[in-house]
Amino acid sequence: MSTTNQSLKPLTTKINENGNIEIGGCDLTVLAQKYDTPLYVLDEFTIRNVCNDYKKAFSAYKNVKMMYASKALCTQALALILDDEEFGFDVVSAGEIYTLYKAGIDMSKVLFNGNNKSYDELSMALELGVGRISADNFFELALLNEIASSYKKNTDILLRVTPGIECHTHEYIQTGHLDSKFGFDLTQIDDAVELIVNEYKNLNIRGIHAHIGSQIFETAVYSDEIEILVKELARINEKYGLSLNEINAGGGIGVKYTQNDNPPSVDEVAGKIISKLETSAKKYGIEPPILYLEPGRSIISTAGVTLYTVGSSKQVPKGRTYFAVDGGMADNPRPAMYQAEYYAEVVNKPLQEKTKTVTVAGRYCESGDILIHNINLPEIEEGDILCVYNTGAYNYSMASNYNRTQKPAMVLVNNSQSDIIVNRETLDDLISHDKIPDRLKN
Ligand code: LLP
């Protein structure tokens with residue numbers, strides 16, 4: 001059975017009676033007109049389907065806690081949908097914590113990650129009652145203990161470790177290999193545990209955590225990861241007389257950005273993880289532990305698309321044809337950063353023959369601002385609306401105001417209804433943090 005992360009487009013995508021593409025029952029040409037472009041569109045049905053995929057796939061294992069990785073996309077409306085789907089949240093900053101807190105999320109369902117959490121962020125997490133903190137390094141253990149003792153609180157932690165697993169993804173999004181900025185090396189775990197047990201009395205260690213990378217298409221790496229985590233958990237328990245029973249396997253399951261991508265189904269990954277959990281728990285003589293997962297991309301990527309309006313074009317003599325759109329690297333930095341590839345269609349011409357191979361350029365003053373190299377599209381012209389698929393993850397969350405442009409709006413579509421969930425920034429928003437020293441004023 002395939003799962004939602006294997007779909008190139010939101011599940012409700014179809015061509016309507018006007019011959020235009022619609023998502024969530026909303027004609028995309030109408031959305032572009034109503035809300036302007038660039039526009040992020042999120043399909044609620046697809047989001048809820050992915051959540052169900054995860055719940056079903058892991059239902060065979062009793063103790064699972066799904067923690068959506070907010071870094072993929074963090075807005076209050078999305079938090080409420082995921083909360084309704086009984087997901088918890090992985091966060092990495094005060095901003096993400098604050099977003100969830102203001103949305104009314106129960107903070108005990110939140111897990112705080114990151115390799116350099118600040119004093120203020122850790123204090124905020126303790127004050128608001130964040131459920132778990134994944135401690136990343138020795139500096140943080142000492143800092144967290146100091147803050148917790150000043151609040152006269154004890155806090156539950158996991159130890160983030162680097163299991164030494166290389167997965168075949170872009171170098172910038174690999175995290176579990178040995179030479180990584182994240183987490184304790186396996187050889188440092190004992191020192192960390194000894195400090196916690198003997199000195200850091202305000203820290204309660206609950207288990208260990210790893211995240212091996214992102215946009216992963218292999219499944220065997222998850223088996224390797226689980227084996228290492230369970231083995232370490234059993235070893236620590238035995239050596240220090242503890243009864244840790246939590247492992248966090250991170251996120252990473254890939255999605256289908258183009259026809260050439262073949263990510264595994266969530267079921268396939270779940271099968272590997274569950275069977276490895278059971279066999280290795282038996283092998284190392286412990287009860288199968290509570291499993292935390294932190295999927296980000298695979299939860300939200302497929303549900304999101306970005307609409308752009310086509311503007312200028314350029315035919316290089318004997319070379320490429322460029323079509324420029326009204327967005328680009330500021331709303332989607334992934335092609336420029338990771339050579340990421342995307343698929344797109346012209347919303348108002350979905351059935352026309354794709355006779356042209358073109359390059360879709362962004363509007364930013366940077367030669368590298370190319371959204372899609374060499375895609376087949378129908379004859380396009382100024383004013384056409386282009387829909388780029390699979391932009392739900394790591395687009396808005398990585399967006400910038402480069403060239404002093406406003407970040408786009410985001411709408412949530414469902415059952416033919418569309419609602420703004422993030423306002424388009426205004427020109428006044430752009431200058432709202434500027435200050436002019438008196439001496440420069442006349
Ligand atoms: N947990 C931890 C500790 C992580 O560092 C990450 C992602 C996740 C979970 C979620 O991983 P996912 O399921 O989304 O693969 N900006 C890059 C991706 C960076 C991922 C960083 N960590 C991109 O656009 O491809």
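Visitor: How many nonpolar, polar and charged residues does the lining of the second largest cavity have, by class?

Guide: In this predicted model, that lining has seven nonpolar, three polar and no charged residues.

Visitor: Which residues are they?

Guide: Tyr 40, Val 41, Leu 42, Leu 73, Gly 304, Val 305, Thr 391, Gly 392, Tyr 396 and Met 410. Two elements give two or more residues each: strand S4 (39-43) and strand S14 (304-315). S4 gives the most, with three.

Visitor: What does a rolling probe show?

Guide: Rolling a probe the size of a water molecule over the atoms reveals where empty space is left. Here the structure holds three cavities of 30 Å³ or more. The second largest has a volume of about 50 Å³. The largest contains about 60 Å³.

Visitor: What lines the largest cavity?

Guide: Its lining includes Tyr 54, Phe 58, Tyr 222, Val 269 and Leu 293, as well as Gly 250, Gly 251 and Gly 252. By class, that lining has nine nonpolar, three polar and no charged residues.

Visitor: Now the domains. How is the size of an interface often given?

Guide: Often as the accessible area lost when the parts come together. In this chain the parts are domain 1 (4-42 + 302-431) and domain 2 (44-300). They bury about 2800 Å² between them, 60% of it on carbon and sulfur atoms.

Visitor: Which three residues supply the most of the area that domain 1 buries?

Guide: Asn 5, Gln 6 and Tyr 394, with 23% of the area domain 1 buries against domain 2. In contact terms, 31 residues of domain 1 meet 31 residues of domain 2.

Visitor: How many salt bridges are found across the interface?

Guide: Zero, by the rule used. The C-alpha centres of the two domains lie 32 Å apart.

Technical notes. Residues are numbered from 1 along each chain as its sequence is written. This is a predicted model: local features need pLDDT of at least 70, side-chain atom pairs count only at pLDDT 80 or more; totals for chains, interfaces and linings use all residues. Side-chain values use heavy atoms; hydrogens and water are left out. On a 1 Å grid over the protein atoms alone, a cavity is a set of points where a 1.4 Å probe fits but cannot get out, and a pocket is an open set with protein on both sides within 12 Å along at least five of seven lines; lining residues have an atom within 4 Å of a point. Grid points are joined across faces, edges and corners, and a volume is the space filled by probe spheres set on the points. Ala, Val, Leu, Ile, Met, Phe, Trp, Tyr, Cys and Pro count as nonpolar, Asp, Glu, Lys and Arg as charged, and the others, Gly among them, as polar. Helices (H or I, at least four residues) and strands (E, at least two) are DSSP runs, numbered from the N terminus. Domain bounds come from an automatic or database domain assignment. Contact means heavy atoms within 4.5 Å. Buried area is the accessible area (1.4 Å probe) that two parts lose on being put together, summed over both. A salt bridge is a side-chain nitrogen of Lys or Arg within 4 Å of a carboxyl oxygen of Asp or Glu.
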